[in-house]
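Trainee: I am new to this structure and would love a close look at a single part of it. Could you pick a residue and walk me through its surroundings, then show me a few other places?

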Amino acid sequence: MWKRKVVAMLLGICMTSQLCVNAFALENDKNSNANVEMNVSLAEQNSILELELKSSISQYLEEGADVSGIEELILNTSNGYQLTLSDLECLKTNFVKLNQLDVKECQFDSKDTYDAFWSYFEKHKEINYLYTETAESIDAEAKSEEKENQEGDIGEDNTANVGVNSSAAEAQEQNQFNIKINGICLLDKGSYAEVGAAYESNDSNVEFRWMQYDLQKNTWSIVSDWNKGNWITWKPKTAGDYWIYVEAKTTDGNTDTSVYGYHYAGIKVELNGICLLNRGTHFDVGVAYNSNDPELKFRWKVYDLQKKTWSLLQKETTGNWTSWYPEDKGSYWLLVEVIDSNGEVHTSVTAAYYEGIKLALNGICTIENTDHVDAGVAYNTNDANVQFQWKLYDLAEKKWSDITGWTTGNWMSWYPEKAGDYWLYVQARTRTGKTESQVMGYRVGEAKITNFTVNPESPAWTDSTIKLQGNYRDLIRSVASSRFLVYDGHNWSEIAKDVQSADWTPGIIGSYLLCYELDDSNGNAITQTFRGYSIENPYININNINVNQAGSMRYNLSVSSETNDKNAQYKWMYYDIATGQWHDISGWSNSKSITWNAPKEGAFWLHVKAKIHDGTIKDYTIGYTVQKYAADLNAMLAYANLYSSSTPYILMVNRSTHKVGIFQGWKGNWTPINYWDCGDGAPSTPTVTGVFTVKSRGYYFDSGNARCYWYTQFYGNYLFHSVLYSKYNGSLLDGRVGMALSHGCVRLKIENAKWIYDNIPSGSTVVVY
């Protein structure tokens, strides 16, 4: 029978100055050399690496080692070093081909780290993970194996399967339980410490006792008496220097001890000021603090400087914020008492001023409904508990009455009993009893018709169905019934009663009077409203087709017609005279206009058909010649169609292209008749821009040595005139056009200037752009 050593290892994080001391590792270091570098041995095969770690794995990798091909890694920790979570991350990242990791001779800085290693390699079964189990897992394994041995015969061949149990049993029979404490690990938590003992034993029932020695008082005291846990929570009463001492005991009485020196800084509480947040109706109050004590309690008090009295605002709680609802305007002190886990009280105080409850009413709003009035008051306050009550004063009877009692809502509904003049009065009250009031006058009228519509609008046809709709307001509830009536010129008849809408089918051509009437309980009319309505035969007359060039080979067509049918439909066509064929421009629609993209230049007929309610169709045709213009002329034409003129002519001046266009027609339907080069104003003396009209004209004027013929004025000294000639012999001095060169006038060839002089009437529109 062979013996297997059972190891129980406490894992902890050393928080200050390597607090966890591994006595076993220190003992081994006595026999090692003083070299502080890591000892690295490589097996003959390049895929196996053994590291003795005195610091982190990442420090080894910083020395330039290439571990990407390592398949088997053996780690040993020494000199007090313990594996950390950072080492696990380093293994994951750099040892990409690893298939076996041996950490049986390693210590871990905490149980969390030990568990993290185990959890990771448990998920990655492709890596053989060799490790030393904790005491708890070994104990569970031993019990499991002992149960299996009791259930079956144990032969010579399966002796190795019960190694732990047999060795433990043998040790117990021979009183050979041993215990060795390898060091104390202390985790500083601020106001207390977590302390544990690292140990080795073949006894799963080791017990521990912890004591402390106060170096200030020179006294020993028990922290934790004998129990099986190797971790305790240690909280000294006061700051100072201490020894923390642990004694471990096996079942058969073998013991081992360890001691560790520690300076306990004590509970620290630093209050950094009180913060007040004014919420209008109250203050939110909090204290800023720094502390290493997670068990602080906060208690708040208020001192009223007017009454000179203290009152408790908030009893002890773990939260450092509270809410304060002062009752009265004035100055106060706010005191916070912070109680630490040792019972010591730390205080901070601040001054506060409360302005008191504010309340202002800003006007009454009323909304009339069918049979009542909704009224509300606008207000400002810092009190969340304002209440309102409404009263009514009847000016005819000189009498007050209540509409509502005190409520939290600022709106109410009022149902008047009769027509007349009233005062609506509202009073608001805060939680302190402060009140404000407001009043407005209100007139309640008799029942009133608010709406009477007829659809479709007049006229309609004998087979039409006309929808009538009526609404009314009756605040005093005097209306007993409502009626829709019709008068045919001889008699009144009722269409419908006590409904909001009704259908009427007239059937006969003629003029009618439609009525919406409200009656009282006696059948007497309270109020009426009327609509005249005509039932006719539909008709349509087409007067003309209007053509407006919208661009190159694109035209806007519209029909000028007279009809009583608002739903008349139109269909557009054109006839190509060259080919002798008709073509559709559009199908039937309610639109009186359409865009036609002419297929080519040439002569066409433009044709429109109109169809009305009774099926009557009328048509109209005009002839039109399509002429393709240059792009710049098309652009000028489109711009010209935006303007009107008091004469059949409009003149357009484009300064960027140095062109003058003469158009004939009317707004939206101008046709170009002349398009010339011009010499407009030079950059230093540009031609004025805007919309002007033709004014005076003359044969010539002189400017220095030059003479200009056939001038036409359009704005101040701005003229259309000829290019420059000599005033002495009539020779041409400067005949340039198509560029910006004048003093501001628009120069033209002499024959073009004369054409404007002869043909363009005064008052014609001139657009310069």
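Mentor: Happy to! Keep in mind that this is a predicted model. Let's begin with Asn 548. Leaving out residues up to four places away in sequence, Asn 548 touches Arg 554, Tyr 555, Asn 556, Asn 641, Gly 668 and Asn 669. One of these neighbours, Gly 668, deserves a second look: its backbone oxygen is reached by the side chain of Asn 548 at 2.7 Å. As for where Asn 548 sits, you will find it in strand S34, which covers residues 540-551. Is Asn 548 buried or exposed? Its relative accessibility is 16%, and buried means under 20%, so Asn 548 counts as buried.

Now that we have the idea of burial, let's carry it over to a helix. Helix H3 spans residues 85-94, and its buried residues are Asp 87, Leu 88, Cys 90 and Leu 91. If you look down the axis of H3, these buried residues fall within an arc of 160°, so they line one face of the helix. On the face turned away from that buried side you meet the exposed residues Ser 86 and Thr 93. What lies over the buried residues? The cover includes two helices, H2 (57-62) and H4 (111-123), along with strands S3 (72-77) and S4 (100-105). Ser 86 comes up again at the N-terminal end of H3, which is capped by Thr 84: a side-chain oxygen of Thr 84 lies 3.3 Å from the backbone nitrogen of Ser 86.

Next, a sheet. Four strands make an open sheet, ordered S9-S8-S11-S12, with antiparallel pairing. At its edges stand S9 (219-227) and S12 (255-264); each has a single partner strand, so one side of each is left without a neighbour in the sheet. Neighbouring strands here are turned by 15° against each other on average, ignoring direction. Within the sheet, S8 (residues 207-214) pairs with S11 (residues 240-249) in the antiparallel sense, over eight bridges. To see one such pairing up close, find Tyr 213: its bridge partner in S11 is Trp 243.

Our last stop is Thr 529, in strand S33 (residues 525-535). Setting aside neighbours within four places in sequence, Thr 529 is in contact with Ile 449, Phe 452, Leu 514, Cys 515 and Tyr 516. You can also locate Phe 484 from here: Thr 529 and Phe 484 are 45 residues apart along the chain, and their C-alpha atoms are separated by 10.0 Å.

Key:
Residues are numbered from 1 along each chain as its sequence is written. This is a predicted model: local features need pLDDT of at least 70, side-chain atom pairs count only at pLDDT 80 or more; totals for chains, interfaces and linings use all residues. Side-chain values use heavy atoms; hydrogens and water are left out. Buried means under 20% relative accessible area, exposed over 50%, partly exposed in between (1.4 Å probe, protein chains only). A polar contact is a pair of N or O atoms within 3.5 Å; within protein, one must be able to donate a hydrogen and the other to accept it, and residues adjacent in sequence count only if both atoms are side-chain atoms. Contact means heavy atoms within 4.5 Å. The arc is that of the directions from the helix axis to the C-beta atoms. Two strands pair if DSSP finds at least two bridges between them. Axes are lines fitted to C-alpha atoms, for helices over the stretch in contact, and angles run from 0 to 180 degrees between N-to-C directions.
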